Amino acid sequence: MAKDETVYDFPKALLEAQDELDEVRGELRKLLKKQPWSVEPLPAWTTHENAWRASSHPDSPGWDSADQQRIGKLRAREVELAPLFTGHSFWKDIAPEERTPARDHLRHHRERRTAVAA
């Protein structure tokens, strides 16, 4: 069987944790995209005329406090989920050279499941 065809029997807890991590990161990405460039209110700025690469930003009103709290909670949850992946007993049964491909399969298990169902 080719490496990319290897099937791993992931425990339900790992699959659920991966799904939650995907949801947390997706929501975090959406929230961060709509935020101004600075968390705190700051005035606009532009690099000087001799700068290696010109850059500028408009005035930043800062982030809404509700968004700041939500982003903080999402980031905290993302950090809480990390040990579930690295410390899970499932990895003891996987040969060290297979752990990276197995982790990749776990990361993309939804896409693989959708492809198989199609």
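**A walk outward from glutamine 18**

Glutamine 18 is found in helix α1. The model that shows it is a predicted one. Is this glutamine buried or exposed? Glutamine 18 counts as buried, because its relative accessibility is 1% and the cut-off for buried is under 20%.

Which residues does glutamine 18 contact, once neighbours within four places in sequence are set aside? There are Phe85 and Leu106. There are also Arg103, Arg107 and His109.

Two of those partners lead straight to the next stop. Phe85 and Leu106 both belong to the largest nonpolar core. That core has 12 residues. Tyr8, Phe10, Leu14, Ala17 and Leu21 are in it. So are Leu81, Phe90, Trp91, Ile94 and Ala102, along with the two partners already named. Which helices supply at least two residues each? They are α1, spanning 12-33, α2, spanning 65-86, and α3, spanning 96-107. Helix α1 gives the most, with three residues. A second core lies apart from this one. It has six residues, including Val24, Leu28, Trp63 and Leu74. In soluble globular proteins, nonpolar side chains tend to be buried together.

Tyrosine 8 is one member of the largest core. What does it touch, leaving out residues up to four places away in sequence? Phe90, Ile94 and Ala102 are among its contacts, and these three are core members too. Tyrosine 8 also touches Glu98, Pro101 and His105.

Now step back to the whole chain. The protein has four helices and two strands. From the N terminus on, their order is α-β-β-α-α-α. Take the contacts between residues at least 6 apart in sequence: 66% of them join residues at least 24 apart.

What of the overall dimensions? Along the principal axes, the C-alpha atoms fill a box of roughly 60 × 35 × 30 Å. The radius of gyration is 21 Å. A compact globule of 118 residues would have one near 13 Å.

The surface comes last. How much of the protein is buried? Of its 118 residues, 25% count as buried. The protein exposes about 8700 Å². Carbon and sulfur atoms supply 54% of that area. As for charge, the protein carries 19 positive and 21 negative charges. The mean positions of these two sets are 1 Å apart.

Technical notes
Residues numbered from 1 in each chain as written. Predicted model: local features only at pLDDT ≥ 70, side-chain atom pairs only at ≥ 80, totals over all residues. Heavy atoms only, no water. Rg over C-alpha atoms; globule rule 2.2 N^0.38 Å. Buried < 20%, exposed > 50% of the residue type's maximum accessible area, 1.4 Å probe, protein only. Contact = heavy atoms within 4.5 Å. Areas by Shrake-Rupley, 256 points an atom, 1.4 Å probe, with all protein chains shown as cover. Lys, Arg positive; Asp, Glu negative; His and termini not counted. Charge placed at Lys NZ, Arg CZ, Asp CG, Glu CD. Core = buried A, V, L, I, M, F, W, Y, C linked by side-chain atoms within 4.5 Å.
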